[in-house]
Amino acid sequence: MTQPLRVLVAEDDAVGAALLRGLLVREGHVVIGPAAMGEEAVRLARDERPDAVLMDIWLAGDMNGVEATRAITADFDIPVILVTGATEATDHELMEQVVGSGALGFMSKPVTGDALRVNLRIVRHHTRLHARLRDSELRYRSIFDNAVVGIYMADPEGRYLVSNRAFAQMLGWSGPGELVSGVRSMDEQIYEAPGRRQELLARLRAEGTVTGFVSQVYGRDGDLLWVSEHCTAVHDWAGELLHYEGIVVNVTARIEAEQRWRTTLGILRSTIDAMPDHVVLLDLDRNVIMANASWVRQVCGPGLPDAASTADAGGAVDGSVMVRCPDCVAEDGGLTPLDRFLHEGGHQSGPVRLLPGGDPCVCSVSPYRAPDGTVIGAVLVLRRDGEGCLAGSEGLAARVDMAGHRGV
């Protein structure tokens, strides 16, 4: 059985009020009132919170039915059905007021049972839809407020319209409201690089969505942090940008780690380049990944610019000369340390002769590892300075292996 509605009747005519009461009771609904004045109707709506209101346009007192309807729909979100006489229904100015009042339905007098039944069905449908919408909004708001990433909405002029708690806290503000009211210009208060937000806007207008937009931004206290933004443009029917929505992740730790990694790698490369020994990093197919300046000079000859001291696998050092894997033969005629490493693994060393020319060297080979410990290549060191060189070569290869194991 359908749950009966609690309906407030606002009607200053006793006969009309009795008619509406009778129709409602016959349909099984509960009647509240009647209220003869607009002010009384608003008070009962506030106190009783009915499911619906049947509101006559003309009521006794200073507030008419249209004004009472506007107050009830705005303050209490209760559906109102307006009731009017035939002559009032033809008053164009009055009907304009009715349209703007927030009323859900409209009936002419005398009200019939069929008209009332249809309008109350509309009320039920509206109430169900409104309840689902409210639940959806509450779920969305909960997700929005409790998200661990920053979420915001901003206009093209550079002001935040909406922010969640995580984004406000990321920038050092006490809450979303303080952030929205406190940031008057994102260009001046947020983005460190001049023109950075304009670049984001230009890409949004051209592409609609921008992913991984990394920028340095100011927190409220003036500290700088790195953020990565994923933004989507929202346009009007004419294609103009209304606003854009952003999801923000604080990537300061990642950027700083990458900077430290680049610094460490630069120091390691500089150290290896300064050594007189030949140092070559190979993959497991003997392809050169990187070579130090000593070996590049050996391969390319004297006069090589310092800027070309290292080379990528398969690449050219100076645009024309390829870096090759060192060619050598074992002194005892057996396998070279590199061959033994590729067959057996582990650290391998021994005397070899470097080709061409047959220069005697001590060769040391150590594993080069990925961060997870997997062997992905070899560090080959060649020294030509006689006694004691083997320990030095092994020590250098081990240090480079340790750096590779750490992901440097």
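Visitor: Which residue stands opposite Ser349 in β15?
Guide: This is a predicted model. Strand β14 covers residues 348–355, and β15 covers residues 359–369. The two run antiparallel. Opposite Ser349, in β15, stands Ser364.

Visitor: How many bridges join strand β14 to strand β15?
Guide: Strands of a sheet pair through backbone hydrogen bonds, either parallel or antiparallel. Here β14 and β15 take the antiparallel form. The number of bridges joining them is seven.

Visitor: What is the strand order in the open sheet of six strands?
Guide: The pairing in this sheet is antiparallel. β12 (288–291) and β13 (327–330) each have a single partner strand, so one side of each is left without a neighbour in the sheet. From one strand to the next, the twist averages 35 degrees. The order is β12-β11-β16-β15-β14-β13.

Visitor: What angle does the direction of helix α12 make with that of β14?
Guide: Helix α12 spans residues 337–344 and packs on the sheet. It touches β11 (278–283), β14, β15 and β16 (375–383). Its direction and that of β14 make an angle of about 135 degrees.

Visitor: Which are the edge strands of the open sheet of five strands?
Guide: This sheet has parallel pairing, in the order β2-β1-β3-β4-β5. Its neighbouring strands are turned by 20 degrees against each other on average, direction ignored. An edge strand here pairs on one side only. The two are β2 (30–35) and β5 (105–108).

Visitor: Which residue in β4 is the bridge partner of Met55?
Guide: Strand β3 (residues 52–56) pairs with strand β4 (residues 80–84) in the parallel sense. Four bridges link them. In β4, the partner of Met55 is Leu82.

Visitor: At what angle to β5 does α5 run?
Guide: Helix α5 takes in residues 113–146. It lies across β3, β4 and β5. Relative to β5, it runs at about 170 degrees.

Visitor: Is Val118 buried or partly exposed?
Guide: Val118 is found in helix α5. With Leu104 and Ile122, it makes a nonpolar surface patch of about 220 Å². Its relative accessibility is 48%, and the partly exposed range lies between 20% and 50%. Val118 therefore counts as partly exposed.

Visitor: Is Ser185 buried or exposed?
Guide: Ser185 lies in the loop between α7 (176–182) and α8 (186–189). Leaving aside neighbours within four places in sequence, it is in contact with Gly158 and Ile190. Its relative accessibility is 16%, under the 20% cut-off. Ser185 therefore counts as buried.

Terms used
Residues are numbered from 1 along each chain as its sequence is written. This is a predicted model: local features need pLDDT of at least 70, side-chain atom pairs count only at pLDDT 80 or more; totals for chains, interfaces and linings use all residues. Side-chain values use heavy atoms; hydrogens and water are left out. Two strands pair if DSSP finds at least two bridges between them. Axes are lines fitted to C-alpha atoms, for helices over the stretch in contact, and angles run from 0 to 180 degrees between N-to-C directions. Contact means heavy atoms within 4.5 Å. Patches are made of residues with over 30% relative accessible area and no salt bridge: like charges are joined within 9 Å, nonpolar side chains (Val, Leu, Ile, Met, Phe, Trp, Tyr) within 5 Å. Accessible areas come from the Shrake-Rupley method with a 1.4 Å probe; for residues, only the protein chains shown count as cover. A salt bridge is a side-chain nitrogen of Lys or Arg within 4 Å of a carboxyl oxygen of Asp or Glu. Buried means under 20% relative accessible area, exposed over 50%, partly exposed in between (1.4 Å probe, protein chains only).
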